[in-house]
2 protein chains.
Amino acid sequence: MSEKITIYDIAKKLNITAATVSRALNNNPKIKESTRELVLKTAASMNYKQNKLALALKSGRSNNIGVIVPRIDSNFFASVIRGIEEELHPNGYQVIICQTHEDPKRENENLYTLIDAQVDGILMSVSDVSNENDEAFHNVLKKNVPLVFFDRSKHIEGVSSVTINDFKGGYMATKHLIDEGCRCIAHLSGDQSLEIFKNRFLGYKQALLDNGMTFNEKYVIQSKSSLEAGKEAVDILLGYDIPPDAIFSSSDFAALGAIQELRERNISIPKEFCVGGFSNEPFTKFMELSITSVDQSPLEMGKMAARVFLEQVDKTQTIKIEKKVVLTPELHIRKSSSRTTS
Amino acid sequence: MSEKITIYDIAKKLNITAATVSRALNNNPKIKESTRELVLKTAASMNYKQNKLALALKSGRSNNIGVIVPRIDSNFFASVIRGIEEELHPNGYQVIICQTHEDPKRENENLYTLIDAQVDGILMSVSDVSNENDEAFHNVLKKNVPLVFFDRSKHIEGVSSVTINDFKGGYMATKHLIDEGCRCIAHLSGDQSLEIFKNRFLGYKQALLDNGMTFNEKYVIQSKSSLEAGKEAVDILLGYDIPPDAIFSSSDFAALGAIQELRERNISIPKEFCVGGFSNEPFTKFMELSITSVDQSPLEMGKMAARVFLEQVDKTQTIKIEKKVVLTPELHIRKSSSRTTS
DNA sequence: TACTTTCGTGTAATCGATTACATAATTATT
DNA sequence: AATAATTATGTAATCGATTACACGAAAGTA
């Protein structure tokens, strides 16, 4: 069928050794110009292709990097991966995708599998926030494989990360609602054991305090990232003696659910009630009543994570320093909270 | 730093040869039970991990498969990839992602890169529909690397594919509009050189003819997959002496644009005008005025493509047959076209 | 006891490329 | 012309695992 051409085949044809062929192909300066040309020409004519596996075995570098995400089919993660791929492709790296589905076991398994596959680095957004199963991580570090966290990170000494300033995102969104005249702002927080959600909450709280508003626990509803959760939250909030007149949700999906429930109850948005979400999911801007949301610039995050990885493997850089990149989120103001401009 | 343990290290420790260690680890029946146990125990205690690169070089199989898509950050492709990953992961394969951005050059480059990387198979959705640059594909086939197309395929002898029945999708959507009482249905078609769009168009046309309606070229607007294109199309269509009272769009984005433009003109949907899209993008069901759309079951498509690949590499299967899997699309009827149920 | 099987293990080649070291070929130096 | 310096190429080990073949030891057979 398909004859795999190796440097030995070229060598035999030219009556020289594989070593010379290898050197010629690698532009080794010790090769006579005439032989180099001859080898290159012959290689091309024989349709020679370097076997990357052999190279990988010899060099110990596979030119593959692994990316671990909870799931790939979410706009956020897909965009991050796009950024990673676009940044690493020109550098000769291939991107291997792994999903955890938020399962710590799978996360560990993926880490071990990637190490087994001899990847040159691992970029990941963690699923397991507990510090119980850290052996897998330490195994990675022990093997000296560069590790970079993005979005959801763990505090492990010597590991770099690229995140956004979730605190600021929460702060900006809340401040905006205040500026629009909202007097009692509720918050739909996600899983508070995840730092990103914790920080969004803290930003929310600080914005309230900085602007002379009272912070009250009961206006913070811990909810999942789903339409249903948003609806339930509204149900609770509107039952209060003093119901809120705005919601800052850490999730766009919960924000959407909340909006649907509010409309169900004939509450006018943004006149009577304002809503803001987080993540800038595509649908937020497509809605007829477009939803204000905090953008996490996933593409940029992916590119940045890739760059941090590249810096780590840069040979000229002898000392490897833990690098914490924090991107600034951007608030996209839309109809769901625009009283002044609409 | 990190001491890589090889079978030679285990061999040395036990005063046996690497061959024996290898056999013991691979459950070779020729190994004495006692030595096998000893080797396994020692391997575990030394924290031995098989070097997949060495194995790959020796066996010629990398256990990686490549996936080429126009872009990863679209719900459709991300979902397909998710399906592929979930199906192949349990079989020990890693998934390598490549993007083409619809550029034929990149497509070719990716094909060559993946072959260079010795992937065990390639699953792809083509970007270049012309048959001009087919050398890259034939190179893949010559190298005997299994190739499977999904969604957008090319007709290459011996190559399997997994697609949906776009004709049927177009037919169903159009028939539905007819059933809702629409008398003049326009069509926003995509790039007609892509077979998927051609087939959706043909399905639309056939549905009209089968139901005693007249087909008229001028109600078919070739438009891109964007909101803007949808708006422009409406602008043209409403300028006709007899404007249509429904649109079947091959793209959800164009459908959304059309809806926005229709509302801008105070045309009531679905009462005066019905709209249906294609792809079942997440936003279609989130809209307040949810959009009827044809679902392509991307997850299932990905899994199916992976299964077709697995069948191809199945050693027990001596003869490799070109397999054309055609999935049936599903029409999701929503508010934008529901006159009868709403 | 002598001879054949069977079993378990060792030897060495192999996958394809790179590279330290050795050596041959060429050029430079006196 | 003889020697030193330089340049180009060959030799062989290496990366880590697998495996055809060889061989010694144990067990079975007559």
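H2(B) makes the biggest contribution to the surface near DNA strand D, at five residues. Helices (H or I, at least four residues) and strands (E, at least two) here are DSSP runs, numbered from the N terminus. This is a predicted model, where local features need pLDDT of at least 70 and side-chain atom pairs count only at pLDDT 80 or more, while totals for chains, interfaces and linings use all residues. Residues are numbered from 1 along each chain as its sequence is written, and chains are lettered from A, with ligands numbered from 1, in the order in which they are written.

**The DNA side**

Staying with DNA strand D, 25 residues surround it, and the closest are A:Ala19, B:Thr6, B:Ala19, B:Asn51 and B:Ala54. The elements that each give two or more residues to this surface are H2 and H4 of chain A and H2 and H4 of chain B. "Near" has a plain cut-off: the C-beta atom of the residue, placed from the backbone, lies within 6 Å of the molecule or strand.

DNA strand C also has 25 residues around it, with A:Thr6, A:Ala19, A:Asn51, A:Ala54 and B:Ala19 the closest. For this strand, H2(A) gives the most, five residues. Helix H2 (18-25) and H4 of chain A, plus helix H2 (18-25) and helix H4 (52-59) of chain B, each supply at least two residues.

Here is the make-up of these surfaces by class, along with the chain A side of the protein contact. Ala, Val, Leu, Ile, Met, Phe, Trp, Tyr, Cys and Pro count as nonpolar, Asp, Glu, Lys and Arg as charged, and the others, Gly among them, as polar.

| Surface | Nonpolar | Polar | Charged |
|---|---|---|---|
| Near DNA strand C | 11 residues | eight residues | six residues |
| Near DNA strand D | 11 residues | eight residues | six residues |
| Side of chain A that touches chain B | 18 residues | 10 residues | 10 residues |

UniProt, in an unreviewed entry, puts "domain: HTH lacI-type" at residues 5-59 of chain A. UniProt positions follow the numbering used here, feature names are shortened, and annotations may be inferred rather than shown by experiment. That span is 67% helix and 0% strand, and its end C-alpha atoms lie 20 Å apart.

**Chain A meets chain B**

The contact takes 38 residues from chain A and 38 residues from chain B, with two residues in contact if their C-beta atoms, placed from the backbone, lie within 7 Å. On the chain A side, helix H4 (52-59), helix H5 (75-88), strand E2 (94-99) and helix H12 (282-286) give two or more residues. H5(A) has the largest share, six residues.

Across the chains, E2(A) and strand E2 (residues 94-99) of chain B pair in the antiparallel sense over three bridges; strands pair if DSSP finds at least two bridges between them. One bridge puts A:Val95 with B:Ile97.

**Inside chain A**

In E8(A), A:Ala246 and A:Phe248 on one side and A:Ile247 and A:Ser249 on the other are all buried. Buried means 20 or more other C-beta atoms within 10 Å of the residue's own, exposed 12 or fewer, and partly exposed in between, with C-beta atoms placed from the backbone. E8(A) runs parallel to E6(A), joined by four bridges, and pairs with E9(A) in the parallel sense over three. A:Phe248 is the bridge partner of A:His187 and stands opposite A:Gly276 in E9(A).

Buried residues of H9(A) include A:Phe197, A:Phe201 and A:Tyr204, and E8(A) is among the elements covering the buried part of this helix.
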